[in-house]
Amino acid sequence: MTMRIGGLASGMDIDQMVSDLMKAERMGVDKLKQKKTTLEWQRDNYRDMNKLLKELDDMLSPINKNSLSLQSTFNQKSVSSSNDAAVSAKAISASANFSSSIGVTSLAESGSWKSNTGHAYVQGERELVFKVTDPGTTAEREVKVSIGAADTLEQVLSKLNSSSLGVSAMKATVNGEGFESVILSNNKAGAGGAIKASDDTTKAFLESLGMSVDASNTMVKDKEGKNALVTINGYEMEQTSNTFNVNGVEYTIKQETTKPVSISSSTDTDGILDSIVKFVDKYNEIIGKINGEITEDRYRSYQPLTDEERDSLSDKQVEQWEDKAKSGLLKNDSILASGLNKMRTDFYSPVNGTGNIAGFGQLADIGIKTTSNYMEKGKLVIDETRLREKIAENPNAVYELFNAKGATPETTGLAGRLRSTIKDTITKVETKAGNSLMTTQKFSIGKNLDNLDNQIDRFEDRLIQIEDRYWRQFTAMETAIQRANEQSAQLMNFNGGY
């Protein structure tokens, strides 16, 4: 870096004079940088709007629990039991309400293995390999467990517990026995199930725990597992677990019964209503935020601050200034305004078609209407009493209102229409403002930013040249003054100082 010293001959503050001259010259590049900052703010605002639209779309996505796109959301059931201490139940995939009776003759029990003569576990590094057959199945699966050289018995049992072996391992002294046993219990109840050593190393390990191993290297059970025996609607059947599914109903049996337990379901109106209310609240929140952006006042006299302007203001003043400068960057944006208008049309237009059920053809039919307050710009209000009645009347018809599969927008359900509009709007916004994974050349604002960067670079290069020119000019002036001073001094000396 070149150090410049000026003004020694002229007595002028050359550095300040060049700095003042460069301020005027820099106005052009400052304007370019302000324009760049404004575009960056606008880009970020667009992306924030896309995040909001994505949140709304996520609420309609089938991967979202209680999404309005899921049949199960509208199949929610309240299930009651006449003896919950003995049998409880919940609807998993039952679409219609149901009633049943269930008697429990016996519960399913887990099998277990116990060392019969105590254990003689010897520490040592080894790789154990088991062949496991789970209760109620015939397929064999391989499980490997690594044992460290210094692992204690307690650590080994902990590794067995945390492995996929499917057992709970412990050591304990059983009443009437004078030694400490190792006990492995199946985590799954039901008859069957086996654990087999795949090699001699694993067999020797099991024997060191005191387990009996037969000729096929299979551990001999101390206690066999048992299936549950139940009677449902008069028909006796076995179940391999105490929790099982029959016709979309999950039963959990807890104790034996002396008389049948009655199970019945009814539509969970509150649960379905809650899912719809949460979606409507999110819809209102998001269109409110987007409407706020496209109607926000624009203060064109407030441009992004230059570095010098920022340094002259307090943090609070900078914040207040930038609030004004950032305001209204998406005012009257055609992409967002068009997207909102289309979403309103999607919601308010009837769903027509052969699958439509009378009295469930549009949102107003089920108690959801547009607010009468014009300033709220299309927000929805819910008549919960009406909505609750329509859900109780025909929850499947409410589902069809949102999810009818039509070949045209007019015959497509509200959720399908809305997701299509959201996707189209997000795509258009990304074409203009991109996303975090896109390069700048993939969207229009990015291209403009690249162009501005090039202009700024060229302008900065030119400023360096201009500043160098000013310094050369002032240096020449200083040199001339210095020579004039030297000549004057020589003349004075020549005239004897007079």
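Q76 sits in the loop that links α2 (71–74) to β1 (77–81), where helices (H or I, at least four residues) and strands (E, at least two) are DSSP runs numbered from the N terminus. The model is predicted, so local features need pLDDT of at least 70 and side-chain atom pairs count only at pLDDT 80 or more, whereas totals for chains, interfaces and linings use all residues. Residues are numbered from 1 along each chain as its sequence is written, and side-chain values use heavy atoms, with hydrogens and water left out.

With a relative accessibility of 18%, Q76 counts as buried (under 20% relative accessible area, 1.4 Å probe, protein chains only). Beyond residues up to four places away in sequence, Q76 touches N66, S266, T267, D268, G271, I272 and S275; contact here means heavy atoms within 4.5 Å. A polar atom of the Q76 side chain lies 3.5 Å from the backbone oxygen of G271.

Turning to the interior, the largest nonpolar core holds 57 residues, and I276, I366 and F402 have the most contacts inside it. Such a core is a set of buried Ala, Val, Leu, Ile, Met, Phe, Trp, Tyr and Cys residues joined through side-chain atoms within 4.5 Å. Its largest share, 11 residues, comes from α5. Outside its neighbours within four places in sequence, I276 is in contact with L68, F74, I368, L387, I391 and V398. Another core, of 25 residues, lies apart from this one and includes F130, L153, V167 and A169.

Overall, the protein chain contains 12 helices and 16 strands, and its C-alpha trace spans about 135 × 75 × 40 Å along the principal axes. Of its 498 residues, 40% count as buried.

Definitions and conventions
Buried means under 20% relative accessible area, exposed over 50%, partly exposed in between (1.4 Å probe, protein chains only). A polar contact is a pair of N or O atoms within 3.5 Å; within protein, one must be able to donate a hydrogen and the other to accept it, and residues adjacent in sequence count only if both atoms are side-chain atoms.
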